[in-house]
Each structure stands twice: as structure tokens, then as C-alpha cells.
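Visitor: Could you take me on a close look at one strand and its surroundings? I would like to see how a single piece sits among its partners.

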Amino acid sequence: MRIDLHAHSTASDGTDSPAGLVAAAAKAGLDVVAITDHDTTAGWAPAAEALPPGLSLVPGAELSTISVDPVTGRHVSVHLLAYLFDPGSAALVAEQTRLRSERRWRLRVMAERMAADGLPVDPDEVMSLLPEDGSAGRPHLAQALVRAGLVSSVNEAFGSYLGNGSGYFVARQDTMVEDAIDMIADAGGVTVIAHPFAYTRGATITVDVLAGLAEHGLTGVEVDHPNHDEETRVRLHGLAGELGLVRTGSSDYHGTNKTIELGDETTDPAALEELVARSTGYEVVTR
């Protein structure tokens with residue numbers, strides 16, 4: 001079986017619609033794909049309705065969280081993948097609603113800063129093109145920069161204008177990772193830290209923090225990811241075994257916003273079975 005547990009649609013910052021995502025997954029020869037849009041479950045229903053025969057869908061989300069290093073006090077962004085949780089959980093709905101509002105506020109402020117500097121960016125136009133029930137992200141602003149001819153690609157936009165060190169960057173108030181793990185557990189779901197040691201993306205959590213999260217109730221860790229080199233994968237594989245964490249692998253597919261294709265990284269079937277066995281909030285969708 002070919003299983004990809006990390007993919008985004010237009011419900012957040014991917015370029016494939018939810019229906020297009022499952023069609024692309026089938027075309028890529030996947031047996032299972034997870035829809036994991038940022039801080040939203042808006043893509044679950046349309047993806048399930050369009051699911052082609054022979055493909056299974058794992059409903060999920062990628063939650064925006066932060067970790068505080070107990071030694072240095074440093075705040076580190078943690079991308080937390082959540083699967084098979086009850087999307088109607090009151091606490092979770094409230095927090096995801098807050099995060100989506102925060103994302104929209106942040107994007108408008110960044111666009112307004114660019115416009116104030118004379119860049120050909122119209123904040124109202126950027127906001128009007130966002131998915132109505134979806135989650136806004138910097139890739140939406142990156143696409144506006146591409147359309148304006150300022151950059152040739154989303155990656156170039158991040159490197160030139162949207163990175164954490166840019167004068168246009170605006171931080172969010174994300175959920176504490178421990179709180180997010182608790183909310184997903186209470187909603188019957190399971191949690192996996194996405195690309196935890198992707199050093200090229202910025203600051204990462206430490207081994208001690210990962211161990212603490214495992215003790216707190218984290219279910220798994222994304223070992224095989226495009227931003228993990230071979231040395232990192234070997235190290236994470238061993239740590240996962242020591243900490244009792246389920247090992248996953250995923251492409252982190254965003255359509256044309258990234259060069260990664262569906263199925264470029266995959267998860268072992270036994271790992272998916274373990275995630276499903278530990279969840280009670282939602283079921284894998286099959287046709």
C-alpha cells in the first residue's frame with residue numbers, strides 16, 4: 001500500500017481543490033491520502049464526496065502550535081498533524097475559528113505593509129481571493145506577488161518578502177502544543193509532529209522537548225519528510241522507537257505551491273493501522 005498522510009488543498013494553502021486533491025492522489029497511485037489543511041476541516045466533506053473507488057481518505061488537519069523550550073524559554077513553531085478527531089468538538093472548533101481569524105488578520109497586515117511600501121499588492125484583492133471557509137496562509141500572499149511579477153515563484157516570494165526575518169513578517173498567537181495535543185485527544189483523535197527536525201525551515205524543537213511531548217500524549221512523529229535528510233531520518237527513527245512514537249512519512253503536498261508530488265514520501269501500513277487503532281473520533285473514509 002502507498003500511504004501519504006500530509007497533503008493540503010485550497011481549503012488552506014494548497015492549489016488543488018479538495019476534490020482535485022483526491023483525484024490527484026488516485027492518479028499518483030496512492031491507496032490512502034490524508035487531507036491536512038491548516039487549522040480547518042472545511043475540505044473534509046468535499047474530499048469525501050469526490051473520493052474515487054479504491055482510495056481511502058484520512059480526515060485530518062495541521063494545527064498551528066508553539067512550544068516553549070524549558071531551558072532557554074525560546075518559542076518554537078510546531079506543526080502538529082491531527083487525524084481522525086471529532087470535527088464538532090466545541091473546544092477544537094473554537095480554537096480553530098480563532099486561529100483562522102488570526103491568520104486572516106496577519107495576512108491583511110502583511111499585505112498592507114507591502115502596499116504602504118509601494119509594492120503592487122492590493123490588500124482587498126488578496127483578501128477577496130481567500131477561500132471563504134478555509135484557512136489563510138502566506139502562500140496566498142506569495143501568489144499575489146507572483147501575479148504582480150515581483151517574483152517568479154512561491155519559494156522566491158518566501159525568500160525575498162515573506163520569511164520570518166522579513167520586515168513584512170507578522171507573527172501569530174498560536175496554540176500551545178500541549179494544549180493542542182489535549183484537545184485532539186479529548187476529541188478522539190491522534191497527533192503526529194510534522195517535520196520536527198527540518199532545520200532548513202527555521203528553529204526546531206529539541207530532543208528533550210520531543211521526549212516531553214511523547215510523555216504528554218503525542219502519538220507519533222513524521223520521520224520521512226522532504227525537509228529531513230538521511231541522517232535526520234535515521235536519528236528520528238531511533239528516537240521514535242525509544243519514545244514509543246508511531247513513525248510516519250508524508251509528502252507535505254501543496255500542489256503547484258511546492259515542487260513535491262503526492263507519494264514522494266509514504267507511511268508504512270502498520271503505522272496507519274496503529275493511528276487508526278488509537279483513534280475514536282472519526283473513521284477513515286472509503287468508497
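Guide: Happy to; here is a walk around strand β6, followed by a few steps outward to the whole chain. Please keep in mind that this is a predicted model.

Let us start on the strand. β6 covers residues 190-193, and its side chains alternate: V190 and V192 point one way, whereas T191 and I193 point the other way. Whichever way they point, all of these residues are buried.

Now look at the partners of β6. On strand β4, residues 75-83, 4 bridges make the link to β6, and the two run antiparallel. Strand β7, residues 220-224, is joined to β6 by 2 bridges, and here the pairing is parallel. I193 is a good residue to click on, as it stands opposite L80 and also opposite V221 in β7. To get from β6 to β7 the chain passes through α8, and this β-α-β crossover is right-handed.

The way into that helix deserves a stop. Between β6 and α8 (207-216) there is a loop, and T204 is found in it. T204 counts as buried because its relative accessibility is 11%, under the 20% cut-off. Setting aside neighbours within four places in sequence, T204 is in contact with P196, F197, A198 and Y199, and also with R74 and V76. V76 falls within the residue range of β4, 75-83, the strand that you have just met as an antiparallel partner of β6.

For a contrast, try another loop, the one between β2 (32-38) and α2 (44-49), where A42 has its place. A42 is partly exposed, as its relative accessible area is 34%. From A42 to P87 the C-alpha distance is 9.6 Å, although 45 residues separate the two in sequence. A42 also lies within residues 3-67, the range for which UniProt, in an unreviewed entry, gives the feature "domain: Polymerase/histidinol phosphatase N-terminal". Over that range the chain is 25% helix and 32% strand.

Finally, step back to the whole. The protein chain has 10 helices and 8 strands, and buried residues make up 53% of its 287 residues. Among contacts between residues at least 6 apart in sequence, 73% join residues at least 24 apart. The radius of gyration is 18 Å, which agrees with a compact globule, because a globule of 287 residues would have a value near 19 Å. Along the principal axes, the C-alpha trace spans about 55 × 50 × 40 Å.

Terms used:
Residues numbered from 1 in each chain as written. Predicted model: local features only at pLDDT ≥ 70, side-chain atom pairs only at ≥ 80, totals over all residues. Heavy atoms only, no water. Helix = DSSP H or I, 4+ residues; strand = E, 2+ residues; numbered from the N terminus. Buried < 20%, exposed > 50% of the residue type's maximum accessible area, 1.4 Å probe, protein only. Contact = heavy atoms within 4.5 Å. UniProt positions renumbered as here; feature names shortened; annotations may be inferred. Pairing = 2+ DSSP bridges. Right-handed = clockwise from strand over helix to strand, strands pointing away. Rg over C-alpha atoms; globule rule 2.2 N^0.38 Å.
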